[in-house]
Amino acid sequence: MQSDNNTTDVEQEMEVENVTTWALMAEDDWQVLVRRYDIRPLSSAGYMGCAIYLVIVGLVATTGNTTTLVMFLRNRKLRVKPHNILILNLAISDIGISVFGYPLTTSSCFAERYLWGMVGCKIQGFTTFFLAMADMYTLTAISVYRWVAICRPHYSTPQAQLFLHRQSGGGRVGGGLHHHAPPLVGMSTYIFEPFGTSCTIDWDDPAPVSVFYIYALVLVAYIIPVVVMVYCYWKVVARSKSLLKKVKQSKCKTLSLGEAEEANSTMAECKVTWERR
């Protein structure tokens, strides 16, 4: 009797294991990814709200940046000035995000799951992060250009402007590849974001090499550009206020010949400053 009971128990355990195995084999791949990457799905209403928001933002961004691109293509004068090319670069980067970012994330929000697999995740993570950082570097280059044009006008020659544009362009491409290619070769990786509809760098990877990469990325791709932009625009605003103050003072009193010449020089500099902005 005991032998028969043991046999029955073994058969029941085998049946349970078989059922579990078939259940896992039949389980949706998305649920496997949810457990493996600790994805925290939203409610259906949450996904729908995100999808509608992304559709609106994507349409507005695509329309605005496409309009900017068309204006540059039709008007040759806009393409002559190097600082306008920086604005064109911003539009191109944003259009790239509209192509590689919004459609994949929006369609995944409507489906309430990521639709493009691990390969699509890595491609989306790399391209959108690369283009976003290209935007950051371009904005930094624009701030430096304005600082030079307004606060150091003697450096603002056409040759210097062209040099700044070329250096910033090379820096954006080279820096972008240098900063965002490592996750493709094992230094950190691109994984799903918490809600599972888009991908980014694995910010929580505890491996020492990944932690070093994250700290270096935050420093070079965020802190330094922000500090440079804040400094440049602070100097630009201070210079503009100083010039306006001098102009107002010159209009409120009778000036000698020397003071009149200085006032005219200040007004001319102020005019050039606001035109360069």
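Biologist: Which cysteine does a disulfide join to Cys121?

Modeller: Keep in mind that this is a predicted model. A disulfide needs two cysteine sulfur atoms within 2.5 Å, and here the S to S distance is 2.1 Å. That link has -125 degrees about its S-S bond, making it left-handed. The partner of Cys121 is Cys199.

Biologist: How many residues apart are the two cysteines of that pair?

Modeller: Cys121 sits in helix α7, which covers residues 117-151. Cys199 belongs to strand β2, residues 199-201. The pair therefore ties together distant parts of the chain, and the separation is 78 residues.

Biologist: Are Cys121 and Cys199 buried or exposed?

Modeller: Buried means under 20% relative accessible area. Cys121 has 0%, and Cys199 has 6%. Both values fall under the cut-off, so Cys121 and Cys199 are buried.

Biologist: Why is Cys109 not bonded to Cys50?

Modeller: Cys50 does hold the closest cysteine sulfur to that of Cys109. Cys109 itself is buried, at 4% relative accessible area. A bond would need the sulfurs within 2.5 Å, so the pair is too far apart, at 5.1 Å.

Biologist: What about Cys151, how far away is the nearest cysteine sulfur?

Modeller: Cys151 is another buried residue, with a relative accessible area of 15%. Cys151 is in no disulfide. The nearest cysteine sulfur belongs to Cys232, and the distance is 8.2 Å.

Biologist: So how many disulfides does the count come to?

Modeller: Cys121 and Cys199 are joined. Cys109 is too far from its closest cysteine sulfur, and Cys151 is in no disulfide. With the 2.5 Å rule, the count comes to 1.

Biologist: Let's move to the helices. How do α3 and α5 lie to each other?

Modeller: Helix α3 spans residues 44-74 and helix α5 spans residues 82-100. Their axes come within 9 Å and cross at roughly 140 degrees. Angles over 145 would count as roughly antiparallel, so α3 and α5 are oblique.

Biologist: Which hand does the crossing of α3 and α5 have, and how many nonpolar residues are in the contact?

Modeller: α3 passes α5 in a left-handed crossing. On the α3 side, the contact residues include Ala61, Leu69 and Phe72, while α5 brings Ile87, Leu88 and Asp94, among others. By class there are 6 polar residues and 1 charged one, and the nonpolar count is 8.

Biologist: Ser93 is in α5 too. Which residues does Ser93 touch?

Modeller: Ser93 is buried, with a relative accessible area of 8%. Leaving out residues up to four places away in sequence, Ser93 touches Leu131, Ala134 and Asp135.

Biologist: And Ser143, which residues does that one touch?

Modeller: Ser143 lies in helix α7. Its relative accessible area is 0%, so Ser143 is buried. Not counting residues up to four places away in sequence, Ser143 touches Val228, Met229, Cys232 and Tyr233.

Biologist: Now for the overall picture: how many helices and strands are there, and in what order do they run?

Modeller: The protein has 10 helices and 2 strands. From the N terminus on, the order is α-α-α-α-α-α-α-α-β-β-α-α.

Biologist: What percentage of the residues count as buried?

Modeller: The protein has 277 residues. Among contacts between residues at least 6 apart in sequence, 68% join residues at least 24 apart. As for burial, the share is 35%.

Notes:
Residues numbered from 1 in each chain as written. Predicted model: local features only at pLDDT ≥ 70, side-chain atom pairs only at ≥ 80, totals over all residues. Heavy atoms only, no water. Axes fitted to C-alpha atoms, helices over the stretch in contact; angles between N-to-C directions. Helix = DSSP H or I, 4+ residues; strand = E, 2+ residues; numbered from the N terminus. Parallel < 35°, antiparallel > 145°, perpendicular 65-115°, else oblique. Left-handed = near helix turned anticlockwise from the far one by under 90°. Contact = heavy atoms within 4.5 Å. Nonpolar A, V, L, I, M, F, W, Y, C, P; charged D, E, K, R; others polar. Buried < 20%, exposed > 50% of the residue type's maximum accessible area, 1.4 Å probe, protein only.
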